[in-house]
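Colleague: I would like to learn how to read a model of this kind, one feature at a time. Could we go through it together?

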Amino acid sequence: MIKILSTLLLALAASAPAAAQGCGAQLMELSTATPKLSRFAHLSSEALHQDLAVILWLQRTRTASDLARVRGDGTPTLECFEDVLDHDPNPQQRAVMPRKGYRSAEHPRTKALLEHARTDLLPLVSSLRNYYGRPRPYITFPMVEPAEARLSTPSFPSSSAALGCVYACILSQFRPDLKMALHERGRLLGTDRVVAGSHYPSDALGGEILGHLFATQWINQPEHRQLIMDVCKAEWE
């Protein structure tokens, strides 16, 4: 069920316009991101109720394990990717080349790099939320029962979806062999906010698109590329 929704969100994101050009040294201009997201922010009544129908279906079908997961990954961190990064895609080679298991505690500079990106991204998310001002699903529709704390901040776009995407893009610089699995996990972090009832599916989709736009620009800034290379040498080689 979770994979189906993640696949749906990814398919919709793939149909969005190409990434905008133009980004400040630290933060994408609001005017750059807004045209890419506007198709999702102000839904028609029919589209809004389709969004709501997905939330209510997930609310009815979410399991105890779903609830445990969504309550544990509410704020994306490096630890959310730990089991993916510890996966060995080529176990048959380890007989001749032993592999050291991954532990997030051994990657403090990677954590600091992700926090750097988070600090640059969140002001943009806040600006877009204030620009669109979409209320949370449970504020507009009392039948939505969130599985986590109720928030009064606007709903669109989802910061967790954006951060999940940004973190996956950065971590893929260190483990390109795990790129697909990292991005699947990043999308799940956004999808889980829909499962939790805190966001509409279009909030997660908008956050994912924003994350891709931001990550492409952020990673390719010369100072960030240097940071990535330094961290890779220190903690991933």
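Colleague: Which hand does the crossing have where H4 passes H9?

Modeller: The crossing of H4 past H9 is left-handed. Bear in mind that this is a predicted model. The axes of H4 and helix H9 (residues 179-195) cross at roughly 115° and come within 9 Å.

Colleague: Which residues of H4 and H9 meet there?

Modeller: H4 contributes Asp66, Arg69 and Val70, and these meet Leu188, Asp192, Arg193 and Val195 in H9. By type, the residues of this contact of H4 with H9 are three nonpolar, no polar and four charged.

Colleague: How should I read the sides of a helix?

Modeller: Start with the general idea. An α-helix has 3.6 residues a turn, so residues three or four places apart point the same way. Now the case here: in helix H4 (residues 64-72), the buried residues are Asp66, Leu67 and Val70. They lie on the same side of H4 because they cover an arc of only 95° around the axis.

Colleague: Which exposed residues are carried by the face of H4 turned away from its buried side?

Modeller: That face of H4 has Ala64, Ser65, Ala68 and Gly72 as its exposed residues.

Colleague: Let us step back to the whole chain. How many helices and strands does the protein have?

Modeller: The secondary structure comes to eleven helices and zero strands. Along the sequence the pattern reads α-α-α-α-α-α-α-α-α-α-α. The protein has 237 residues, and buried ones make up 50% of them. For contacts with a separation of 6 or more, 82% are between residues 24 or more positions apart.

Colleague: What about cysteines? How many disulfides are there?

Modeller: In general, a disulfide is a covalent bond between the sulfur atoms of two cysteines. The cut-off is a pair of cysteine sulfur atoms within 2.5 Å. By this rule the count in this model is zero.

Colleague: Why does Cys165 not form a bond with the closest cysteine sulfur?

Modeller: The closest cysteine sulfur to that of Cys165 is in Cys169, and the distance of 4.3 Å is too far for a bond. Cys165 is buried, with a relative accessible area of 5%. Cys80 is also buried, at 13%.

Colleague: Where is a cis peptide bond found?

Modeller: A cis peptide bond joins Phe156 and Pro157, with omega about 0°. Pro157 sits in the loop between helix H7 (137-140) and helix H8 (159-174).

Colleague: How do I read a single loop residue, say Gly197? Is Gly197 buried or exposed?

Modeller: The cut-off for buried is under 20% relative accessible area. Gly197 has 1% relative accessibility, so it counts as buried. Its place is in the loop between H9 and H10.

Colleague: What is Gly197 in contact with, leaving aside its neighbours within four places in sequence?

Modeller: The contacts of Gly197 beyond those neighbours are Ile55, Arg62, Pro137, Tyr138, Val144 and Pro146. For a pair of positions far along the chain, take Gly197 and Arg136, which are 61 residues apart with C-alpha atoms separated by 8.8 Å.

Colleague: And Ala204, where is its place?

Modeller: Ala204 belongs to helix H10 (residues 201-219). Ala204 is buried, with a relative accessible area of 2%. The C-alpha atoms of Ala204 and Val194 are separated by 7.3 Å, and the two residues are ten apart along the chain.

Key
Residues are numbered from 1 along each chain as its sequence is written. This is a predicted model: local features need pLDDT of at least 70, side-chain atom pairs count only at pLDDT 80 or more; totals for chains, interfaces and linings use all residues. Side-chain values use heavy atoms; hydrogens and water are left out. Buried means under 20% relative accessible area, exposed over 50%, partly exposed in between (1.4 Å probe, protein chains only). Helices (H or I, at least four residues) and strands (E, at least two) are DSSP runs, numbered from the N terminus. The arc is that of the directions from the helix axis to the C-beta atoms. Axes are lines fitted to C-alpha atoms, for helices over the stretch in contact, and angles run from 0 to 180 degrees between N-to-C directions. A crossing is left-handed if the near helix is turned anticlockwise from the far one by less than a right angle, and right-handed if clockwise. Contact means heavy atoms within 4.5 Å. Ala, Val, Leu, Ile, Met, Phe, Trp, Tyr, Cys and Pro count as nonpolar, Asp, Glu, Lys and Arg as charged, and the others, Gly among them, as polar.
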